[in-house]
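Here is a short set of exercises to work through with the model open beside you. Try each task before you read its solution.

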Amino acid sequence: MFEGLKNKLGLGKKKTPAPETEVPAPAAHTIAKPEPEEKKAPGFLNKIKTLVVEHEFVLSEKDIEESLFELQMVLLESDVAYPVAEAITEHMKKELVGTHRKLRESADDVVTDALRHAIEKVLGEGFDLVSYIKNHEKPVKILFTGVNGTGKTTSVAKIAHYLQSQGLSVVVGAGDTFRAGAIEQIRVHCERLGIKLIAHQEGADPSAVLYDTVEYAKAHKTDVVLADSAGRFHNRVNLMNQLEKIKRVMKPDLVFYVDEAVAGNDAVIRAEEFEKTVSTDGVILTKVDMDPKGGAAISIAYTIGKPLVFLGVGQGYDDMKPFTPSLIIDEIFGDD
Ligand SMILES: Nc1nc2c(ncn2[C@@H]2O[C@H](COP(=O)(O)OP(=O)(O)OP(=O)(O)O)[C@@H](O)[C@H]2O)c(=O)[nH]1
Ligand SMILES: [Mg+2]
């Protein structure tokens, strides 16, 4: 994950040992120069680092204007949404401009930290689903929705498995009665995981299935209801009306929007459109393992103003990670 963005940022694995970037204390009025090898290293970060060093850690906006513009281009090429790329560079500008740095402070750390802080700010805090469930009246009802093929059904199965592993009881509702084979697909997952499934026939009213699922949970004191639903685009009026009906009937406590990281900026735009039509409470981003660019993962929560809750990182049932900013930060800034 994120290899593309990492390389473009010049954060990729270095073949030769990294040059010592600590700036030696210069004699009065001399300007410290970076190591020659440092200059040759590719990536925009090294350009800013050079500036930081040459200006003795007191930067003006003008000094870093061009480098921040280059950073913005790198972020846009990595599918980071435009307003998010702007927010990141703005945060960096605020952190870097006009501040007096200690001369012995590593330029590497100064610039990389500023970028790290900026990305942390746009990523948000995430959402602790387990503590939400523990502190909420049971059953907690969660509806999964989003466009076709993004990973809703797989995410329902993975999250059911995750919640069970956290000691919570789960029932799944087969709310996709629309696509041929959808009921069978979720049935296979639930059988493998030993999870109770409530299903009707193909073509049945999904509201009725999910109503029954909630009734089952109430009767059996089940902690959580996870409701699968058919894929739909925000502009398909009939399917959106059906979703409204589902919401009125099952009264979900949380609506999770599921999209795939591989859709890049499209996922961000779709999430925004979906959010306007159906107010959601959180985002699950799947197929992060297949997306080297990483833009959607950085952008989606910031753009719609709702937290990232989980990242889908593979095909196995354990490949669903509760989102924390460090999951992404470590991928981008951590050692390979
Ligand atoms: N690599 C990878 N594949 C995933 C991930 N999540 C889902 N998939 C795959 O994506 C495909 C579609 O997943 P589904 O769960 O059927 O998607 P859906 O949103 O329910 O699809 P519809 O019900 O048709 O709208 C399947 O082949 C999944 O195995 C993930 O995190 N990583
Ligand atoms: Mg599905």
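Before starting, one term is needed: a residue is called buried if its relative accessible area is under 20%, exposed if over 50%, and partly exposed in between. Keep in mind that this is a predicted model.

**Exercise 1. A strand and its two faces**

Work out how many residues of strand β5 are buried, and which way each side chain points.

*Solution.*
- Step 1: Find β5, which covers residues 254–260.
- Step 2: Check burial along the strand; seven of its seven residues are buried, so β5 is mostly covered by the under 20% cut-off.
- Step 3: Sort the side chains by direction. Leu-254, Phe-256, Val-258 and Glu-260 point one way, while Val-255, Tyr-257 and Asp-259 point the other way.
- Step 4: Note that residues on both sides are buried, Glu-260 and Asp-259 included.

**Exercise 2. The neighbours of β5**

Which strands pair with β5, and in which sense?

*Solution.*
- Step 1: Take strand β1 (residues 140–145), which pairs with β5 in the parallel sense over four bridges. As a landmark, Leu-143 has Val-255 of β5 as its bridge partner.
- Step 2: Turn to strand β6 (residues 282–286), which runs parallel to β5 and is joined to β5 by five bridges. Here Tyr-257 has Val-283 of β6 as its bridge partner.
- Step 3: Follow the chain from β5 to β6 by way of helix α12 (residues 265–277); the three make a right-handed β-α-β unit.
- Step 4: Pause at Ile-269, which lies in helix α12. Ile-269 has a relative accessible area of 45%, so this residue counts as partly exposed. Its C-alpha is 10.0 Å from that of Ser-299, a residue 30 positions away in sequence.

**Exercise 3. Across to β1**

Describe the burial of β1 and find the other strand that pairs with β1.

*Solution.*
- Step 1: Count the buried residues: six of the six in β1, a strand that is mostly covered.
- Step 2: Split them by direction, with Val-140, Ile-142 and Phe-144 pointing one way and Lys-141, Leu-143 and Thr-145 the other way.
- Step 3: Look at strand β4 (residues 224–227), which pairs with β1 in the parallel sense over four bridges. Val-140 stands opposite Val-224 in β4.

**Exercise 4. Aromatic pairs**

How many aromatic pairs does the model hold, and how are the rings of Phe-144 and Phe-256 arranged?

*Solution.*
- Step 1: The count comes to five aromatic pairs.
- Step 2: For Phe-144 and Phe-256, the ring centres are 5.9 Å apart and the planes meet at 90°, so the pair is edge-to-face.
- Step 3: Place the two rings. Phe-144 lies in strand β1 and Phe-256 in strand β5, so the pair ties together parts that are 112 residues apart in sequence.
- Step 4: Check burial: Phe-144 is at 0% relative accessibility and counts as buried, and Phe-256 is also buried at 0%.
- Step 5: Repeat for Tyr-162 and Phe-310, an edge-to-face pair with 5.4 Å centre to centre and 80° between the planes. Tyr-162 lies in helix α8 (residues 152–165) and Phe-310 in strand β7 (residues 308–312), so this pair ties together parts 148 residues apart in sequence. Tyr-162 counts as buried at 18%, and Phe-310 is buried at 1%.
- Step 6: Widen the view: ring pairs link Phe-127, Tyr-132, Phe-144 and Phe-256 into a cluster.

**Exercise 5. Checking a helix**

What span should helix α5 (residues 82–96) have at 1.5 Å a residue?

*Solution.*
- Step 1: The 15 residues of α5 should span 21 Å.
- Step 2: Compare with the model, where the end C-alpha atoms are 21 Å apart, which agrees.
- Step 3: List the buried residues of α5: Val-84, Ala-85, Ala-87, Ile-88, Thr-89, Met-92 and Leu-96.
- Step 4: Look past the helix to Gly-98, which follows α5 and has a positive phi near 75°.

**Exercise 6. Around the ligand**

Which residues come nearest to ligand 1?

*Solution.*
- Step 1: Of the 20 residues around ligand 1, the nearest are Lys-152, Thr-153, Thr-154, Asp-289 and Gln-315.
- Step 2: Inspect Gln-315, where a side-chain N or O atom is 2.5 Å from an oxygen atom of the ligand.
- Step 3: Add the backbone contacts: a polar backbone atom of Gly-151 is 2.8 Å from an oxygen atom of ligand 1, and a backbone N or O atom of Gly-312 lies 3.2 Å from one.

Note on methods: Residues are numbered from 1 along each chain as its sequence is written. Chains are lettered from A and ligands numbered from 1 in the order in which they are written. This is a predicted model: local features need pLDDT of at least 70, side-chain atom pairs count only at pLDDT 80 or more; totals for chains, interfaces and linings use all residues. Side-chain values use heavy atoms; hydrogens and water are left out. Buried means under 20% relative accessible area, exposed over 50%, partly exposed in between (1.4 Å probe, protein chains only). Helices (H or I, at least four residues) and strands (E, at least two) are DSSP runs, numbered from the N terminus. Two strands pair if DSSP finds at least two bridges between them. A crossover is right-handed if, with the strands pointing away from the viewer, the path from the first strand over the helix to the second runs clockwise. The expected span of a helix is 1.5 Å times one less than its number of residues. Rings of Phe, Tyr and Trp (its six-membered ring) pair if their centres lie within 6.5 Å; planes under 30 degrees apart count as stacked, over 60 as edge-to-face and the rest as tilted. A residue is near a molecule or strand if one of its heavy atoms lies within 4 Å of it. A polar contact is a pair of N or O atoms within 3.5 Å; within protein, one must be able to donate a hydrogen and the other to accept it, and residues adjacent in sequence count only if both atoms are side-chain atoms.
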